[in-house]
Amino acid sequence: MLKRHARAACTALAAAGLLLAGTTAAGAATPTADPAAPQKSATAALRPGDAPAELLTALQRDLGLTPTQAKDRLAHEAEAGATAAALRARLGAAFAGAWVDGADSATLTVATTRAADAAAIRAAGARAKLVGRSLADLDAAKAGLDRAATAETPVRYVDPRTNTLVVEETRPGAAAGLLAATGTDPALATVVRTAAEKAPRPLYDLRGGDAYYMNGQGRCSVGFPVTKGTTQGFATAGHCGRAGTSTSGFNQVAQGSFQASVFPGNDMAWVAANTNWTATPYVKGSGGANVQVTGSVLQPVGSSVCRSGSTTGWHCGTVQQHNTSVTYPEGTISGVTRTTVCAEPGDSGGSYISGSQAQGVTSGGSGDCTSGGTTFFQPLNPILSAYGLTLKVTGSDPGPGPGPDPQPGGTWKAGTVYAAGDTVTYGGATYRCLQGHQAQTGWEPSVVPALWQKL
């Protein structure tokens with residue numbers, strides 16, 4: 001385990017949420033959208049065009065993009081997430097994953113186990129790929145491995161691109177032993193050898209990415225500023241401290257204390273700050289510039305993502321897989337996202353952001369920011385949901401269009417964390433959530449079809 005002169009505290013809890021992982025009944029019909037309902041594209045709703053120059057510069061540097069490609073990539077990813085989510089709902093149990101490709105993420109591929117789905121996928125503007133296993137089947141196989149995994153098989157995930165279950169091993173034969181012990185068909189799995197010294201470990205060490213210190217010694221990084229009622233604070237990694245651990249800020253001034261913490265199982269925590277600290281809707285970007293946070297819509301596999309941390313600053317990469325399980329020496333965590341972004345000790349707990357959308361907090365990884373590496377983040381939405389937190393965002397401008405009904409009624413409520421597949425009522429109609437997010441004013445179901453499907 002990497003740390004900055006700190007001892008991590010461990011507790012246990014279960015909470016998880018992810019994009020594009022759920023299914024509906026096989027062959028379920030797709031409801032027809034109400035043509036009279038106000039339409040708002042994912043680009044208009046998520047506003048990737050408002051991305052600050054610092055974020056675009058980092059994407060160009062770390063992904064080798066031109067300025068035009070960086071801008072186009074964010075717009076394409078916003079639309080791809082919405083399209084993939086709608087297709088997932090339509091394909092139901094046949095859905096086998098989705099991902100974007102290309103320098104500007106212009107190509108969306110959606111996999112299915114049912115040949116008859118190809119026409120609908122192409123009609124939505126995506127490439128269709130016919131595969132032999134559904135995402136639900138592979139996720140179920142991975143869950144069996146997770147229950148028996150050890151530090152010799154430290155990482156397991158479903159790779160939708162290859163339609164296989166990937167198992168990393170630090171000792172030859174460890175993955176085969178795990179497959180045999182759990183009765184998992186070896187044909188489902190791809191085994192990847194990882195050197196023991198490169199196995200993932202927690203990266204020890206109120207603006208996202210700023211440093212904070214635990215009990216005056218260990219250092220971690222702020223994830224995302226949040227509120228809980230009138231209390232202000234921030235979300236961060238659970239391995240950074242246990243409930244009651246005191247914190248001081250980047251300036252070593254008394255800051256607050258951990259209110260709740262989970263590690264292993266998940267890697268989530270939140271810190272309540274004292275009245276000397278104010279939550280802001282920002283992440284520390286390149287050169288210390290503020291990057292605005294406007295929501296928490298989880299982006300699909302292949303999307304660009306940038307990380308802010310107190311050791312290595314601002315770095316970018318891509319999302320590799322959601323719902324990954326990692327076994328650290330301290331135990332297994334599940335439901336994390338695997339990325340190509342580099343990180344080093346002290347970056348733990350720091351912010352992952354795609355465009356202006358908060359993604360999660362740094363858990364652990366391998367490698368460094370000189371030679372590159374792999375890191376994992378704990379998705380933010382499960383943290384918000386588990387602890388009843390509200391993400392600090394910039395505002396509630398609903399953008400162009402007629403806007404929400406003045407007295408819509410229904411069960412939808414701003415501040416609630418919705419997972420894909422959840423249903424609500426609003427304005428006399430029923431809607432299904434397409435992409436996990438925390439609801440906010442301006443994202444009412446009737447005006448954001450990128451997030452909600454009218455039933």
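This passage describes strand β18 and its partners, the disulfides, and the surroundings of Ser261 in a predicted model.

Strand β18, which spans residues 313-328, is mostly covered, with 15 of its 16 residues buried. Pairing in the antiparallel sense connects β18 to strand β17 (residues 304-309) over 6 bridges, and within this pairing Ser304 has Thr318 of β18 as its bridge partner. The connection from β17 to β18 is a hairpin that runs through 3 residues. On the C-terminal side in sequence, β18 pairs with strand β19 (residues 331-339), again in the antiparallel sense and over 6 bridges; here Thr327 stands opposite Thr332 of β19, and the hairpin formed by β18 and β19 has 2 residues between the strands. A further antiparallel pairing, over 2 bridges, is found between β18 and strand β4 (residues 155-159), where Arg156 stands opposite Ser325 of β18.

A search of the whole structure finds 3 disulfides, and, with bonded cysteines counted along the chain, these follow the pattern 1-2, 3-4, 5-6. A disulfide is a covalent bond between the sulfur atoms of two cysteines.

One of these disulfides belongs to the hairpin of β17 and β18 and is formed by Cys306 and Cys316, with sulfur atoms 2.0 Å apart. The link of Cys306 and Cys316 is right-handed, with 95 degrees about the S-S bond. Because Cys306 lies in strand β17 and Cys316 in strand β18, the pair ties together parts that are 10 residues apart in sequence. Both ends of this link are covered: Cys306 counts as buried because its relative accessibility is 2%, and Cys316 is likewise buried, with a relative accessible area of 6%.

Another disulfide is formed by Cys220 and Cys240, whose sulfur atoms are 2.1 Å apart; this link is left-handed, with -90 degrees about the S-S bond. The pair links distant parts of the chain, 20 residues apart, with Cys220 in strand β9 (residues 218-221) and Cys240 in the loop between β11 (231-236) and β12 (246-249). Cys220 has a relative accessibility of 0% and therefore counts as buried, and Cys240, at 3%, also counts as buried.

The remaining disulfide to be described joins Cys342 and Cys369, with their sulfur atoms 2.1 Å apart, and is right-handed, with 100 degrees about the S-S bond. This pair, too, links distant parts of the chain, 27 residues apart: Cys342 is placed in the loop between β19 and β20 (351-354), and Cys369 in the loop between β21 (357-368) and β22 (372-379). The two ends are covered to unlike degrees, since Cys342 is buried, with a relative accessible area of 9%, whereas Cys369, at 23%, is partly exposed, the cut-off for buried being under 20%. Elsewhere in the chain, Cys433 is buried, with a relative accessible area of 0%.

The surroundings of Ser261 were also examined. Ser261 lies in strand β13 (residues 254-262) and counts as buried because its relative accessibility is 8%. Although Ser261 and Gly238 are 23 residues apart along the chain, their C-alpha atoms are separated by 4.8 Å, and the side chain of Ser261 reaches the backbone oxygen of Gly238 at 2.8 Å. The side chain of Ser261 also reaches the backbone oxygen of Gly241, at 2.6 Å. Both contacts involve the loop that holds Cys240, between β11 (231-236) and β12 (246-249).

Technical notes: Residues are numbered from 1 along each chain as its sequence is written. This is a predicted model: local features need pLDDT of at least 70, side-chain atom pairs count only at pLDDT 80 or more; totals for chains, interfaces and linings use all residues. Side-chain values use heavy atoms; hydrogens and water are left out. Buried means under 20% relative accessible area, exposed over 50%, partly exposed in between (1.4 Å probe, protein chains only). Helices (H or I, at least four residues) and strands (E, at least two) are DSSP runs, numbered from the N terminus. Two strands pair if DSSP finds at least two bridges between them. A polar contact is a pair of N or O atoms within 3.5 Å; within protein, one must be able to donate a hydrogen and the other to accept it, and residues adjacent in sequence count only if both atoms are side-chain atoms. A disulfide is a pair of cysteine sulfur atoms within 2.5 Å.
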